[in-house]
Amino acid sequence: MRKMRTAEEMWQFCFANDLFYEKAHFYLVAKHLQPDEYAVFCFQGLQNNVRMMTDGNFAYVFTNRRLIIGQKRLTGEIVRSIDYKDLHNVTAAGQSVVIDATKWEPNVEVLKGDAVGVQKGLAEIIPIIQQKNQEQTQGANFSGSVADELAKLKKLTDEGVMTQAEFQAQKDRLLNPAETCTDYFEDIPEEPTYTYEKKFDKAVQSNDKKAIVIRAVTFTVGAIIQLPVAIIFIHLILYHYGIVDELP
């Protein structure tokens, strides 16, 4: 699994996996990474895209601690994070990605060409997150006496049901209860990072042009849809102050 610590590594990951990206969103997310935090998977998509109305393109970055969602705007920025203990599931079907989290369930739409890559990445990391959460929940729900539990484990060891190594592992778990997991992917081997090459230059320029076109189309469509509403609103104000005699 690749462990990415910079914006460059994130967009290079997307490029290598044929995923659409706008670099600005990754640079924003990278600024919010903690010193010991790194990304393991990332993609971008339109958030809450309903009937041509959308919150815009966001970066979705899964780190070793949380899911960070970020959008760099022409004026301002949006950054939100979801701790993995509050992340129940992330499902992908076709171009749709649904994030099931406590108190928030954003819907994401990725490009058609990104669907398979996003599904593959989520299928790799979500089970790991869910397993870690389950282990922590089981540890938190443990209510028996440590001494009684150790006695049971010792008996199983004496009877040959459990090996000495297994007994020791369980003993360590009981005597040193795990705190909230701070690194969900610490046991996963790290793959080499990408080396920046000139071949990225042309691809990045092409991808950036694609991003500009998508943003321009999204803005134009949104403006066209909202224009009649704005006109009606202005007309109502003019009618209220008696400047016009009839309602639209």
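Start by selecting Phe43: at 2% relative accessibility it counts as buried (under 20% relative accessible area; exposed is over 50% and partly exposed lies in between, with a 1.4 Å probe and protein chains only). Before going on, note that this is a predicted model, where local features need pLDDT of at least 70, side-chain atom pairs count only at pLDDT 80 or more, and totals for chains, interfaces and linings use all residues. Numbering runs from 1 along each chain as its sequence is written, and side-chain values use heavy atoms, leaving out hydrogens and water.

Now add Tyr60. The ring centres of Phe43 and Tyr60 are 5.2 Å apart with planes at 15°, so this pair is stacked (rings of Phe, Tyr and Trp, with its six-membered ring, pair if centres lie within 6.5 Å; planes under 30 degrees apart are stacked, over 60 edge-to-face, the rest tilted). Phe43 sits in strand β1 (residues 39-47) and Tyr60 in strand β2 (residues 57-63), so the pair ties together parts 17 residues apart in sequence. Strands here are DSSP runs of E, at least two residues; helices are H or I, at least four, and both are numbered from the N terminus.

Next, pick Phe41, which makes a tilted pair with Phe43, 5.9 Å centre to centre and 40° between planes. Add Phe13 and Phe62 to see the whole cluster of Phe13, Phe41, Phe43, Tyr60 and Phe62.

Last stop: helix α4, residues 146-158. Which of its residues are buried? Color Leu150, Leu153 and Thr157. Look down the axis: the buried residues fall within an arc of 65° (directions from the axis to the C-beta atoms), so they line one face. The face turned away carries exposed Lys152, Lys155 and Asp158.

Technical notes
The expected span of a helix is 1.5 Å times one less than its number of residues.
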